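Hi everyone, thanks for making time for this. I'd like to walk you through one structure, so have the picture open and follow along with me.

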Amino acid sequence: MPEIRVSHMAKTFGDVKVLNDIDFEVKDGEFFTLLGPSGCGKSTTLNCIAGLEDPTEGSISIGERPLVDRAARVYVPTEERNLGMVFQSYALWPHMTIRKNLAFPLNIRKAGRADRDARIHEALEKVGLAHLEDRYPHQLSGGQQQRVALARALVYSPSVLLLDEPLSNLDAKLREQARAWLKRLQADLGITTLYVTHDQDEALTLSDRIAVMFDGVMTQIGTPHEIYERPATAAVAAFVGSCNFLLGTVEQTRGDHVDVRLQATGTVVSVAAGADWLPGAPVTVAVRPEKLTIRSEEPGSRDLNVLDTEVVTTAYVGSRYEYILRLGDIAVQVVSPDGSLGGAVRLVFSPDDAHVYPGESGPSTEALDLMKVAV
């Protein structure tokens, strides 16, 4: 049985439907992430599970226990759900020591003194802060406060851990360290975790599976590898990682490949595709920067797509070079370990390394305009 089951859940605020037919399962012990831009409904989904919001439709259960079932008029109050939650703001009591912050939820549950003391010590040990139990929140760093908030969520042994962008207040370097620490802790504890973030790197690093959300709808659910390498829509490809989008029209379908004539140059490229495409249909070819290769000479293989381009800018970013190339009237991003490339070059990619989507989809019109390069 799944640890968390959300079935056909919807949520409406007034006349605005912010969640539409949300349906997913989180397995026992899994680290599952809700990923999407601000306003997509990911925090509302989490709050419905926590009991901070009441779904308009659908049901929610933990294991065999139903928490919400609108059709059957079942609703379990927040305090009876036994869920641990960490908020973006940490929500620590500033006038209480770390020890008293952790004691608060145990006192509400009327835990005995000996049991309470043992649980507090164990929770602080797990997050490496047992030696700071007598300090106040303002005496701790942001990373330490984040760990205290996590310890408080774990101190009463919840069945599920809910995390709402808990690392967003940390600086970039500390956030990277906190990701590794949080993933190790979750794996060691084996606790089922539902995580909310708009940070794609965070989601890819931490998750066993990811649900990508847009406008109150779950667009794709899969492993980090599936989401990144096989995005279901152009919107997913645009949001998760960097991606180049080349507009074009279908020339023909050849077996499991489709030939597309690009608007920018008139060149025909081949893309691996499992569906039949009608000739003349508008499509978008998506290819990630690291899947593109810059060459000064013609490649030997005829199976590769070759585009004539020109280097516009080169930027050194430590582990690689980032190039902007002019392809007709648009810009294309490419990453390469070679920083010596310049002038007129050939851009090469395999049909298996690109994706094709119906219509002129992908980034917004504004983003497409930004891709334009002045000639």
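**A walk through the model**

Let's start with one pair of side chains: aspartate 208 and lysine 183 meet in a salt bridge, at 3.5 Å from N to O. Before I go on, please keep in mind that this is a predicted model. So where do the two partners sit? Aspartate 208 is in the loop between helix H6 (200-206) and strand E10 (209-214), and lysine 183 is in helix H5, so the pair ties together parts that are 25 residues apart in sequence. Are they hidden or out in the open? Somewhere in the middle: aspartate 208 is partly exposed, at 33% relative accessibility, and lysine 183 is partly exposed too, at 24%.

There is also a small network here. Arg99, Arg116, Asp117 and Glu133 are joined into one by salt bridges that share partners. Take one link in it: glutamate 133 bridges to arginine 99, and their closest N and O atoms are 3.5 Å apart. Glutamate 133 is in the loop between H3 and H4 while arginine 99 is in helix H2, so you have to go 34 residues along the chain to get from one to the other. Arginine 99 counts as partly exposed, with 25% relative accessibility.

How many salt bridges are there in total? The count comes to 19. One more of them is arginine 5 with glutamate 25, where the closest N and O atoms are 3.1 Å apart. This one runs from strand E1 (residues 4-13), which holds arginine 5, to strand E2 (residues 16-26), which holds glutamate 25, and the two residues are 20 apart. Arginine 5 is partly exposed at 22% relative accessible area, and glutamate 25 is partly exposed at 37%.

Now for a charged residue without a bridge. Which side chain of opposite charge is nearest to arginine 175? That is aspartate 199, 4.3 Å away, and arginine 175 is buried yet has no salt bridge. Why doesn't that pair count? Because a salt bridge needs the nitrogen within 4 Å of the carboxyl oxygen, and this pair is at 4.3 Å. You'll find arginine 175 in helix H5. Leaving out residues up to four places away in sequence, arginine 175 touches Leu167, Ser168, Leu170, Asp199 and Glu202.

**Into the core**

Let's go back to helix H2, residues 98-108. Its buried residues are Ile98, Asn101, Leu102, Ala103, Pro105 and Leu106. Look at the spacing in that list while you recall a bit of textbook: an α-helix has 3.6 residues a turn, so residues three or four places apart point the same way. What do the buried residues of H2 pack against? Two helices, H3 (113-126) and H4 (142-154). Just after H2 comes lysine 110, which has a positive phi, near 60 degrees.

The largest nonpolar core has 35 residues, and Leu102, Leu124 and Leu150 touch the most other members. H2, H3, H4, strand E8 (160-164) and helix H5 (172-189) each supply at least two residues of this core. Which of them gives the most? That's H4, with 6 residues. If you zoom in on leucine 150 and skip its neighbours within four places in sequence, you'll see contacts with Val86, Leu161, Leu163, Trp181, Leu182 and Leu185.

Not everything nonpolar is tucked away, though. Trp93, Phe104 and Ile108 make a nonpolar surface patch of about 290 Å². Tryptophan 93 belongs to the loop between strand E7 (83-86) and H2, and is partly exposed, with a relative accessible area of 37%.

**One glycine, then the whole thing**

A quick stop at glycine 222, in strand E11 (residues 217-222). Buried or exposed? Glycine 222 is buried, at 3% relative accessible area. Apart from residues up to four places away in sequence, glycine 222 touches Arg209, Ile210 and Ile227.

Finally, let's zoom out. The protein has 9 helices and 21 strands, and its C-alpha trace spans about 75 × 50 × 35 Å along the principal axes. Of its 375 residues, 46% are buried. Among contacts with a separation of 6 or more, 66% come from residues 24 or more positions apart. And the accessible surface is about 17800 Å², with 48% of it belonging to carbon and sulfur atoms. That's my tour, thanks for listening!

Methods: Residues numbered from 1 in each chain as written. Predicted model: local features only at pLDDT ≥ 70, side-chain atom pairs only at ≥ 80, totals over all residues. Heavy atoms only, no water. Buried < 20%, exposed > 50% of the residue type's maximum accessible area, 1.4 Å probe, protein only. Helix = DSSP H or I, 4+ residues; strand = E, 2+ residues; numbered from the N terminus. Contact = heavy atoms within 4.5 Å. Patch = residues over 30% accessible without salt bridge, like charges linked within 9 Å, V, L, I, M, F, W, Y side chains within 5 Å. Areas by Shrake-Rupley, 256 points an atom, 1.4 Å probe, with all protein chains shown as cover. Core = buried A, V, L, I, M, F, W, Y, C linked by side-chain atoms within 4.5 Å. Lys, Arg positive; Asp, Glu negative; His and termini not counted.
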